[in-house]
Amino acid sequence: MVVNAETTAWEQCSTVRVIPPVRPRKLAKVPFVELAEGRLQGVVSSGSDIARVYVSSIAAHTHDYSCGTNNNRPCGGANGGPCKHLRELADEAVLQYGIDRVARYLHIEAGEDSKAEDLMSRLTGSRESAPAAVVFSRFLRHLAYLELPDTTAPVPELHWFPATEAVR
């Protein structure tokens, strides 16, 4: 395998290691959180309506934030600054990935005793309009995989991923 200077060996493999969460988290409030596409992004349940979810994101470099329902209705609480959905997203990201990794990803300085609220207080961005469809679609795909029965057989739609041992 040839590794160039800009990417690491694991980035050039067709399989990615699954990193276990730093601490267990409850999935009822924030069922989906990821560091992807230059954003901390995820799905947050509504506090008032069980049938409503919000797709929230914070951009890594600019710290611009977005929060709205899965059908692109804006969150009313994100007018003067980050809303409670964004704060909950950051809290769960810290549980999932750890404070150091989230701070590094968002390009925020974190001290030894930093918490998610410390990260939120260091955000310098403003509200932006970001489409929720891509993140919500990834969340729905994630849910579909959770509904599959336990098996050691290959999953048909992932058949083009080689087995880990085959990649050397």
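Visitor: Where is Val135 found?

Guide: Val135 is found in helix α5, and everything said here about Val135 and the other residues rests on a predicted model.

Visitor: Why does Val135 count as buried?

Guide: A residue is called buried when its relative accessible area is under 20%, and Val135, at 5% relative accessibility, therefore counts as buried. Leaving aside residues up to four places away in sequence, Val135 touches Phe32, Gln41, Gly42 and Val55.

Visitor: How far apart are the C-alpha atoms of Val135 and Glu37?

Guide: Along the chain, Val135 and Glu37 are 98 residues apart, while their C-alpha atoms are separated by 9.9 Å. Glu37 has its place in the loop between β1 and β2, and its phi is near 55°, a positive value in a residue other than glycine.

Visitor: What makes Glu37 count as exposed, and why does His107 count as partly exposed?

Guide: Exposed means over 50% relative accessible area, and Glu37 stands at 52%, so it counts as exposed. Partly exposed covers the range between the limits of 20% and 50%, and His107 stands at 48%, so it counts as partly exposed. His107 is found in the loop between α3 and α4, and it has a positive phi of about 60° although it is not a glycine.

Visitor: How many aromatic pairs does the structure hold, and why is the pair of Phe32 and Phe139 called tilted?

Guide: The structure holds two aromatic pairs. In one of them, the rings of Phe32 and Phe139 have their centres 5.8 Å apart and their planes at 45°. Rings pair if their centres lie within 6.5 Å, and an angle that is neither under 30 degrees nor over 60 counts as tilted, so Phe32 and Phe139 form a tilted pair.

Visitor: Which parts does the pair of Phe32 and Phe139 tie together?

Guide: Phe32 lies in strand β1 and Phe139 in helix α5, so the pair ties together parts that are 107 residues apart in sequence. Both Phe32 and Phe139 are buried.

Visitor: What are the distance and the angle in the aromatic pair of Phe136 and Phe139?

Guide: Phe136 and Phe139 have their rings 5.8 Å apart, centre to centre, with 50° between the planes, and this pair is tilted. Phe136 and Phe139 are three residues apart in helix α5, which means that about one helical turn separates them. Ring pairs link Phe32, Phe136 and Phe139 into a cluster.

Visitor: How do you know that Phe136 and Phe139 count as buried?

Guide: The limit is again under 20%. Phe136 has 16% relative accessibility and therefore counts as buried, and Phe139, with a relative accessible area of 8%, is buried as well.

Visitor: How do you know that the span of helix α2 agrees with what is expected?

Guide: Helix α2 runs over residues 84–97 and has 14 residues, which at 1.5 Å a residue should span 20 Å; its end C-alpha atoms are 20 Å apart, so the two values agree. After α2 comes Gly98, whose phi is positive, near 95°.

Visitor: What makes α2 mostly covered, and which elements do its buried residues pack against?

Guide: Ten of the 14 residues of α2 are buried, and in that sense α2 is mostly covered. Among the buried residues of α2 are His85, Leu86, Leu89 and Val94. The elements that the buried residues of α2 pack against are β1, β2, β3, β4, α3 and α4.

Visitor: How many residues has the largest nonpolar core, and which element gives the largest share of it?

Guide: The largest nonpolar core has 27 residues, and Leu40, Ile58, Leu86, Val102 and Leu119 have the most contacts inside it. Its largest share, six residues, comes from α2. Apart from this core lies another, of eight residues, including Val43, Val55, Val135 and Phe136. As for Leu119, it touches Val94, Ile99, Val102, Ala103, Ile108 and Ala110, if residues up to four places away in sequence are not counted.

Visitor: What pattern does the chain follow along the sequence?

Guide: The chain has five helices and four strands, and along the sequence they follow the pattern α-β-β-β-β-α-α-α-α. Of the 168 residues of the chain, 36% count as buried.

Terms used
Residues numbered from 1 in each chain as written. Predicted model: local features only at pLDDT ≥ 70, side-chain atom pairs only at ≥ 80, totals over all residues. Heavy atoms only, no water. Helix = DSSP H or I, 4+ residues; strand = E, 2+ residues; numbered from the N terminus. Expected span 1.5 Å × (residues − 1). Buried < 20%, exposed > 50% of the residue type's maximum accessible area, 1.4 Å probe, protein only. Contact = heavy atoms within 4.5 Å. Phe/Tyr/Trp six-rings, centres within 6.5 Å; stacked < 30°, edge-to-face > 60°. Core = buried A, V, L, I, M, F, W, Y, C linked by side-chain atoms within 4.5 Å.
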